[in-house]
Every structure is written in structure tokens, then in C-alpha cells.
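Student: Could you take me through one chain of this model closely? I would like the setup explained along the way.

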Amino acid sequence: MSVKSIATPVQPLRIKRRAERRFRSVKSRHVLLALSVSVLLFILFSAVAPGWMASHSPTEMSESILASPSAGHLLGTDQYGRDIYSLLVYGSRQSLLIGVGSVLIGGLLGSVLGLTAGYRGGWLDSLIMRFVDMMMTIPGILFAILISATLGPSLKNMILAVGLSTFPGYARMMRSQVLSIKSAPFIDAASTIGASHFMILRRHIVPNCLPPLIVMATIGTGTAVLISTGLSFLGLGVIREIPDWGYLLSLGRSYISVAWWISLFPGIFISFLVISINLLGDELRNLLEPRSRR
Amino acid sequence: MGTLLKLNQVSIDFNTRQGPLRAVHHINLEIGTGEIVCLVGESGSGKTITSLSIMRLTDYEGAVISSGELMFDGHNLASLSQKEMQELRGKRIGMIFQNPMNALDPLFTIESQLVDSILTHRRVTKPEARKLALELLQKVGITEPEMRLKQYPFELSGGMLQRVMIAIALSCDPELLIADEPTTALDVTIQMQILQLIRELKDTLGMSVLLITHDFGVAIEMADRIAVMYAGAIVEQGPARKLITAPEHPYTQGLIRSVQSYHSHSEGLYTIPGSIPPLQELPTGCRFHPRCAFASERCRQEEPVLALTREQHQVACWNTAEAGQAFAEYATHKETAAPINNLAALPAEDDLLVDIQQVTKTFPLRGSLFRRSKKAVHAVDNVSLRIYRRETLGLVGESGCGKTTLGRLLVQLEKPTAGTITFDGQDVSSLSDREWKELRRRMQVVFQDPAGSMNERWRISEVIAEPLHVHIDLNEQDRMARVKETMKLVGLNPDWHTKYPHELSGGQLQRVCIARAIILKPSFILLDEAVSALDISIQSQIVNLLKDLQRELGLTYLFITHGLDVVRYISDRIGVMYLGKLMELAPAEELFTRPAHHYTRALLDANPSMDPDHHAQSSISDIELPSPIHLPTGCRFHTRCPAATERCRTEQPELREIRDRHWAACHHPL
Ligand code: SF4
Ligand code: SF4
């Protein structure tokens, strides 16, 4: 090892690689971003105005049951002869509702806890964080199963279950964010100016915590959808006339050998949604946190 | 004396998205065998990238050597492959950096890193390498080398780590040592020791040294020859002594004059107007012309090149004759100006503003989960201090002496463990929240890092207006009017209020911080290393501003710093702290001309001066600063004091007035 390699051990290489990566990926990144935005827009439209997007009514049962994809039924039909594509379009509202709703619950609860713990510090911090750690040791899906099993299947409970199972992540992220901002000199500056705790929180700390929170929440929406489909798949979801994506996936299970499309297409929709949300989240991170860009 | 390294018309470009950006332009530099050359420049001058280019580390920084050649003993470094460079690096050229902590691997002991380095460069067996490692540590003056070898980097102090880095650099007997700001992160007494070490090593080993620094004082201490860089070009170079006493380039002259004016008692420091232009916006012609007092039409059109003006002395300037003449006049004038005794001019000590009485602050160390630690860091120990209205009290000391903590206690960013602090008659710890908020209006703070002390997402106007939001109910219009008025007062263009912090330079940002501090018309401002991070030409501008504001607004300052020159210039009285104790307190001039405490003496001795005849020295025993957890008994300074006696080891000296208004805590004052 030469003096140089001791002196600047990793940095140069890292910079070089990073530069290369950036160069190569600029174009493909734009294509991917456009794709994921279209996917999300499609799903969003479906959720808002399914009547416009669907080709059939979701409750309409045609003669052709378990028909494979064709011009009449784009993605085939299920065992009742319902059009899979239309079912997916109508089911998107529920999936999105669960995703967004549970993120709101989990994110809000987690942020408030993390903010309090990080800013207050001391025993309250220890108390909250031990609690969060405890929750963290229980796998999210298990916890969600527990809640929906005890509360019974309904949309509200599903949102609650998924939300509660994801809040520890938000709490942890928020706390570390608050801690790093709290030690910045401009917080000292603000308190020597005479700003109250409330003012410091409102004007300095929360705005500086928001970007990573937004990013995390975006990506979290995807995760929440995934958890909710998992629950539905296990039969803990909401049983309604129109099945949500996860339930549809599980319905198709029994017919997988004769009608693979019933399961496959919901699966594809779920993956596309989650992947698109993740890509968008990454892009948001680049946008909102300029420092992580380089 | 042969030439070891020769840079011939070297240019370095950064690769950016907008195309290549010229960072260094047509540099010529020579280093002879056994010579110390100093490359002096402010931030953004290109001195560091130049030094990296010699090691060809520029390749890793996204920069290329776009033209010219770097001849090192017959090889053109610019055309070697990285592999061939690897042969030279560390073997024939060694390098040390500003921050040794980053350069050492925290997971390995000093010994293994040193032995590794020896083994790659020399054909020796492992036990031999171990022996060599020990010898090297002795050579660089590390005490108890056997013990140090077994330690990890975090267990060593900054000064010792820099010695280790030097040892690693020496492990293969390099012919050239490149030292990039090797002492900037160190305290002044330690800095002196490291510089001395480099000089000794150069003498005994006959190696050449390229020293990169922003500090003219260091350059004068060390250099045989000095090269001055400005905005990517060398503007002047020549033998050190002559360059300092008779500089010919207006930029060099400006720098030297501003440094020297700290020692005069003139009203206001000498400053160079403006600031270094960013690389993207280099002016045409001479790159210094927008800031130059001698600029003529030709300077705006044509770029001057380095030309010989006297023996071995090169200057890149069209009007050297005029400039040289002007400096000569200044120099004679300066010598005749008599220093004034400012004891009489001190502010009256009747109007007490801040009274710090026997204040102590300890930070308990965190124990493990199961065992509470009884140990604590004694940051401030039983300090009493008074600050009078309209005066500037300077507080100096090296890192860890407690000066910053004392300041933070005063503005209640920390709560004292014991003692009382009274501000304008009110005991600050007994105030209700509302009273305390009222008091906050009258005491403000300016911190060291201007960029860090403002919310980067806010506009300048919002930053400056923050105190108004907190304390005064104003409508938008009145608030903006106040903000703009204050911006003018601190020398900022009021039209900039919509800018964001990252659009301003360091000096401008510090003006923003000052604007924020004065907008409520406080009576007291704590300046915590407020000018320490700024380049010298900017620093003098800010110091002048602070002085002007003090006069206009009747402010009282507590000026905390490690910079001795600045504190001498700006302060009426100065307190010296060491390991949490106030060691000496005296009027500024008195303290600098007749220090009474041995520690103060050592500090002053170690401070590099602008006088080429006066060498800074280390009058301190070569022992590192004790840790603030295990404090020495008796006088805290006795482990390093050259005059320590038995009494010093056992009995703690009290602060007492040894001369008129001159206090010192020493049993045997000077
Ligand atoms: S060339 Fe002209 S502008 Fe440049 S330093 Fe000389 S006198 Fe000043
Ligand atoms: S008290 Fe003793 S050890 Fe301390 S500074 Fe004075 S002479 Fe030195």
C-alpha cells in the first residue's frame, strides 16, 4: 500500500464509478420515468372513473367462463365469466385507497412519534424508541394479519392494519432526521434569536424533514399495496362484490392450471404499480434532496 | 542545487457538464533538491488541485492535465500511466494532508498501517519492518512510540496523527514531500512543532518539500521560495524573504498589507476590495483587474505572463514598476508609524453589562448500559469574567480550552453546572420564559460557519427577518424595509434579498449572519470564531465591518477565536483560556507586549508572524495537551510549562491582579 492509497483510500474510485453510472443512465432513466408515470396515471384514472376505462361491467357475467385472453375479453374471464381487465380496473380504487390511507395513518403516527422522540430526547425518547423497536421486531405482515384477524375484515380495518404495521419505519427515519437537523448550527442560531420550540419545529425542523418523508411515503404506498394484497390473498381482506387485486389473485389460485390469466394479470398489475411508485420515489428523492444527487 | 520537479506551462481542466472548466492556467513552478517551496493562495486559487496534479490524483477528481509537462527527475508525470505513477507515489513522492484522521484507516493500528507501507516499498522482512516503524515514529518525535504503535487512530490527538502521517510518508525516503495545509487543522502550539519537524527532516534527509498553505505566516516561517496563486494562476514567485519585503504584484501586496495591518493601530484594516471570482466568471485580461488599484486599459485587454523582474523573481503584472513604488512608500511609512498605547483609550470599566461569576460546566461522559460513568469532561471550571458596555472582550485559547462552551453558557445554549451569569443586572438562569425572550433581543450570536447557521431552504430576506418574526409584529412591507436597511448597513446589496444562501460567497453569508444579529438592535453580540473560516482578504473586510457597527450601534462584543492576530486587533481586553480555566486577562496591547502567564507566552511565541527576521518557536515542552477528563493537578499548565516548580504541581494558582488591570493565574509570572 502506498502513501497515496492510504491517504485517499476509497474516494477517487467511488467518484469515478459514480460519474460513469450517472452518464450511462440519464437516458434510460427518463424512459423509465415516463413509463412509470403513465402506469400510475392509468391506475389513477381507473380508480377515479372506472366506467370510462373498463370494457365491461365488473359484475356482468358472460357465457364464456374461464375464457383465455381474446379480443372480446382482453385479459380473459374468471370462473363466473367476469372480464378480468374490467375487474382489475374497478379493483384499483380499493387498492389505491388502502395504499394511500394506510400511508397517511402510518406516516402521520410514525412522524409524530419520531419528531417527539428526536426533538424532546431524554426519557421520552427512550420510551418511544423502545416501543418502536418492539414493534419493529414483529414482521409487518404478521402484525397486519393479527389486527385484521381480530378486528374483522373491512376496508377501514384493512387500512388501519396496514398503517399500524408500517409506522415504526417512519418513526425511526423521522427521529434520525430530526436529530441531524437539531444539531445543525442554524437551530442554535434560531434559539439564540429567541424562537420558541414550536417555532423552531414549525419553521425549521419540519420543513427540513419533509422531503425524505415524502419520498418514504411514496415508496411506502407501494409497500402498503403489497401488504394489503398479501392480506387479501390470505382471505383477510375485504370481501365485496368487486374483489380487490390481492383477492383476485387468490381466487385464481384454484384455477391456475386451467386459467393462468386470472392470477397472472393481477400479479402483473400489482408489480407494475409497486415498481412505478418506487421509481417515482427515487426520482422525487433526486429532486427534493439535491445533496444526495451528487 | 539541481531541479527535482519542474512544472512547465501546466494547465488543469475540470470536466463539467458544460464542458471543460479551466482550474489552473499555464503554471510554471520549479522545486530544487533540498528546497522548501510554498504555494500560497486563498480558497479557490487552485493551489490544492496543482499539488494533486503532481501525484496525478487529479484523474480521480474529474480533472485532467490538459497541457504542459510535469518533469520529475527526467519523467514527464503528465504522460505516465496510473500504473507507472503508482511506482513513484509513496516511493519517491510522499504526501500529507490537512486532515490526518481521514487519511488513516480507523480499523487498523498505527503499527499495521506503518508496516504495510514499509513492506510495499522496501525489500525487508516483517520483523525488520516493525523495527523500522518504531524508528520512524521516533524520528517524527512521537513520545512513547512503543505504546503508540499498538494504538488506533482515534486514540491519538490531531498533532500526533499528523506525525504518524509524516512517518508513513517518510517510510520510503521520498525525494519530494507534498504537504497540503498540514497544520491548518491543528492548534498553533502544535502547528509550530509540526512545521519544525518538517524543517528538520528536510535538513537531515535532504528531501524537497512543496508546502501548500493559505497562511503567509506559515510560508514565511518555512519557505526558501514562495509562489503566490490567484484564481488559477501563479501571479508572483521568488525567494521568500524578498517576496515578503518587496512584493511587486498588487495582489501579493494587498495580502501582505492586510495581514500586517492587524499589527498596526490604524483605523480599519487594509483590505482588497471584492472577492475571488468563480472559475466560470474569470475576467478578461489580467484576472485580478477588477480588484486592482493599478489596473489600466491594457490590464483589461491583455493577460500578463510571468516575467523576470529581478533575480529569480517573477511577476505577472503589467504595472510592476508603479506597484513596487507604491509598496515601498507604504513600507517606509509603516516603519515610522508609532504604536499607540491603548491602555488609556480603553472603555471605562464602570458600566457592567455581563457578569460571569464562578461558572462551571461539566459534561458527564456516557457510561455503558449497566454502569453509570462517574467521569466527566470539565469544559469550563470556575471562571469569572466581566464584560463592560461597548468594549470588545477577546477570548483565545486552543481547541478544548472551553472558550466556546463559555460563550454558549452565556447565551444559554447550555446551562451552567454551577455559578451565575448576570446580563445587565438580571440573573439569566432565574428568568421566566417571557423575560428570557425579552432578553434574547438584546444578546445575539454570530457563529463560525455562516452557511450552516442558516436554513438553506430560505431566502436571504427570510433569514435576516427571522428575529423580526419572533419578536416584533410588523406587516410585510415594514419588515422588508427593515431587512433592506439592515442589508445596506452590513454592506450587502439590498436587491439580493431574493437570493438563496448557496448563491452567495462565504464572506457575503457572514454578512447575512451579522445582519440577522443586528436587526433587533441588540446591545451584545457573541462572535464565536466568526471570522476564522474566512480567507484573509475577506476576513479583514468583515473585521472592519464589525468595528464600524460597534461604533455606530454602541455594541458590546465577546469575540471568541483561536486567531491571535485578529483578536489583538479587534479586542480591548483579552482573556486566555487553557483546559477550562481562565489563565490570564489583560488589555490587548499589554497582553501581547508583556504577557505574564507562561501559556500566553508560548502561544505568542508559536504564532507565525509576518516578520521574516523573527522566527516563531515552540517554547513549550513537547508534550501534548492533557485530556480534559484526566486534568493535571495544581496548575493545569504544569505538564507543559518550562518554569514549573513543585508548588505548581500541587497548588492551583488563583487569578490575581499583578499589574494595573492585568490578571494572571500563575505562581511565577513572567
Ligand atoms: S496586470 Fe494590471 S490589473 Fe493585473 S495586477 Fe498588474 S496592474 Fe493590476
Ligand atoms: S503556575 Fe507554575 S506551571 Fe503554572 S504557568 Fe505558572 S509557572 Fe507554569
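Tutor: Happy to; here is a walk through chain A, with a short stop at ligand 1 at the end.

This is a predicted model, in which local features need pLDDT of at least 70 and side-chain atom pairs count only at pLDDT 80 or more, while totals for chains, interfaces and linings use all residues. Residues are numbered from 1 along each chain as its sequence is written, chains are lettered from A and ligands numbered from 1 in the order in which they are written, and side-chain values use heavy atoms, with hydrogens and water left out.

Chain A has eleven helices and zero strands; helices are DSSP runs of H or I with at least four residues, strands runs of E with at least two. UniProt, in an unreviewed entry, places "transmembrane region" at residues 31–53, 96–119, 131–151, 213–239 and 259–281 of chain A; such annotations may be inferred rather than shown by experiment. Within residues 131–151 of chain A, 90% is helix and 0% strand, with end C-alpha atoms 22 Å apart. For residues 259–281 of chain A, the figures are 96% helix, 0% strand and 35 Å.

As for packing, 48% of the 294 residues of chain A are buried (under 20% relative accessible area, 1.4 Å probe, protein chains only). Among contacts in chain A (heavy atoms within 4.5 Å) with a separation of 6 or more, 72% join residues 24 or more positions apart.

Finally, ligand 1 has 13 residues around it, and B:Cys286, B:Cys292, B:Cys299, B:Cys317 and B:Trp318 come nearest; a residue counts as near with a heavy atom within 4 Å.

Key:
Buried < 20%, exposed > 50% of the residue type's maximum accessible area, 1.4 Å probe, protein only.
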